[in-house]
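Me: Please take a close look at the charged side chains of this model and at how they are paired, and then set them in the context of the chain around them. I would like one connected account, with the distances given and the confidence of the prediction kept in view.

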Amino acid sequence: MIVKKIYLIFFLFLFTACPTTDPVIKNNTSNLNHIRTNIKNDSKRTVNNKQNTHQKTLKTPKGMVLVKGGDFMMGDTFGDGTKDEIKRKVKLKSFFISKKEVTFKEFDQFSKETNATLPKDLGWGRGERPVIFVSWIDALKFCNWKSKKENLKPVYRLKNNQVFADFSANGYRLPTEAEWEYAAKGGHKSKGYRLSGGNDPLKVAWYEKNSNKRTHPVGQKKPNELGIYDMSGNVFEWTWDSWNKKATIDSKKIYDNPKGPAETIDKVLKGGSWDLLPWGLRPSFRGHEKAYKKDFYIGFRVVRNTK
């Protein structure tokens, strides 16, 4: 009965509590529905080390933490998840991930420098609060802007409603769903908590019981085993992966650095948000929205390769 109640609350939230899409976004919906993503496989590139100095292991960038590569069980490991959280073994390379969600302070700078419209904050405040009302496309553009600011090679190329991704580039990007979940579960330091950083939602998350129906400045709750904040609650976070209800997952297979199923307009969201119950804050929980969706419960964080 409890699980059914949580399901009901969550779905009512998604389909009735969300504000309507901005008129500007509606006007672009027909074009964005044709977005296609392409992955440039870095395993096929052979460039000597003299030409690729970034192939050497990098020093941990400011505001990020190193997530050492390894194997982990992705999906529902407690037995109370949805059919969409199939448990399987995943192997990942090392990567850097931001300690905190991207804030309004950071995103406002990007918006001003690129002449983009500032995202709404609903009067909750800006500054160190996680940015909201940003689409998946907005997140990719932010990653490219940040990469160029630091003289790094951008990962994404957006052209004619197509998105091309070069995962060998040393710039900023969205985490894959597997990378996000591995980091949220504590990576190689994992202690097997139900939530990211602990079992008590009051200590690690802003959620339905303590959020006062809004987001909160990042980094105020207890971090997880790797020193990463707010991976349970506060805002859902965009990942690179597409969501496809017809995708098949083999629970007996070992997945090596997966990047999700064939492209779709729906993208995977992780982490839960400020108005969900604890069940929706589990690292394995999967939300999804259209790539052009902007709303008060969606933000993101970034990652970088270590080489």
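**Charged pairs and their surroundings**

Reply: A salt bridge joins the side chains of Glu150 and Lys146, with 3.4 Å between N and O. This is a predicted model, and that holds for every distance below. Glu150 is counted as partly exposed because its relative accessibility is 36%. Beside Glu150 in the numbering comes Asn151, which lies in the loop that runs between α4 (136-149) and β6 (156-159). Asn151 is exposed, since its relative accessible area is 73%, and its phi is near 55°, a positive value in a residue other than glycine. Most residues other than glycine have a negative phi. A comparable entry is found at Asn257, in the loop between β9 (254-256) and β10, where phi is near 45° and so again positive in a residue that is not glycine.

The pair just described is one of 18 salt bridges in the structure. Side chains of opposite charge can pair when their charged atoms come close. Another of these bridges is formed by Asp71 and Lys89, whose closest N and O atoms are 3.9 Å apart. That pair links distant parts of the chain, with Asp71 in strand β3 (residues 70-74) and Lys89 in strand β4 (residues 88-92), 18 residues apart. Both ends are partly exposed: Asp71 is placed in that class because its relative accessible area is 45%, and Lys89 because its relative accessible area is 34%.

The bridge between Arg173 and Glu179 has its closest N and O atoms 2.9 Å apart, and here the two partners are buried. Arg173 counts as buried because its relative accessibility is 2%, which falls under the 20% limit, and Glu179 is buried for a like reason, its relative accessible area being 8%. Some of the charged residues are joined in a wider arrangement, for Asp84, Glu177, Glu181, Lys185, Lys270 and Arg286 are linked in a network of salt bridges.

A charged residue without such a partner makes a useful contrast. Lys267 is buried yet has no salt bridge, and the nearest side chain of opposite charge, that of Glu263, is 7.5 Å away. The limit for a salt bridge is 4 Å between nitrogen and carboxyl oxygen, which is why a distance of 7.5 Å from Lys267 to Glu263 does not count as one. The side chain of Lys267 does have a polar contact of 2.9 Å with the side chain of Ser242.

The place of Lys267 in the fold can be described through its strand, β10 (residues 266-270). Strand β10 belongs to an open sheet of four strands, in the order β11-β10-β8-β12 and with mixed pairing. The edges of this sheet are β11 (287-290) and β12 (298-299), and each of them has a single partner strand, so one side of each is left without a neighbour in the sheet. Strand β8 (residues 236-242) pairs with β12 in the parallel sense, over two bridges, and Phe236 has Ile298 in β12 as its bridge partner.

An aromatic residue elsewhere gives one more view of how parts of the chain meet. Tyr193 is found in the loop between α5 (177-184) and α6 (201-204) and counts as partly exposed because its relative accessibility is 26%. Beyond its neighbours within four places in sequence, Tyr193 is in contact with Phe78, Gly198, Asn199 and Glu225. The C-alpha atoms of Tyr193 and Arg282 lie 9.3 Å apart in space, although the two residues are separated by 89 residues in sequence.

For the chain as a whole, there are six helices and 13 strands, and buried residues make up 51% of its 307 residues. Of the contacts between residues at least 6 apart in sequence, 74% join residues at least 24 apart.

Confidence should be kept in mind when these pairs are used. The mean pLDDT of the protein chain is 86, and 81% of its residues reach 70 or more. Over residues 1-34, however, pLDDT stays under 50, and the model has 41 contacts beyond four places in sequence for that segment. Residues 40-55 also stay under 50, with 16 contacts beyond four places in sequence.

Terms used. Residues numbered from 1 in each chain as written. Predicted model: local features only at pLDDT ≥ 70, side-chain atom pairs only at ≥ 80, totals over all residues. Heavy atoms only, no water. pLDDT = per-residue confidence, 0-100. Contact = heavy atoms within 4.5 Å. Buried < 20%, exposed > 50% of the residue type's maximum accessible area, 1.4 Å probe, protein only. Lys, Arg positive; Asp, Glu negative; His and termini not counted. Polar contact = N/O pair within 3.5 Å; in protein donor to acceptor, adjacent residues only side chain to side chain. Pairing = 2+ DSSP bridges.
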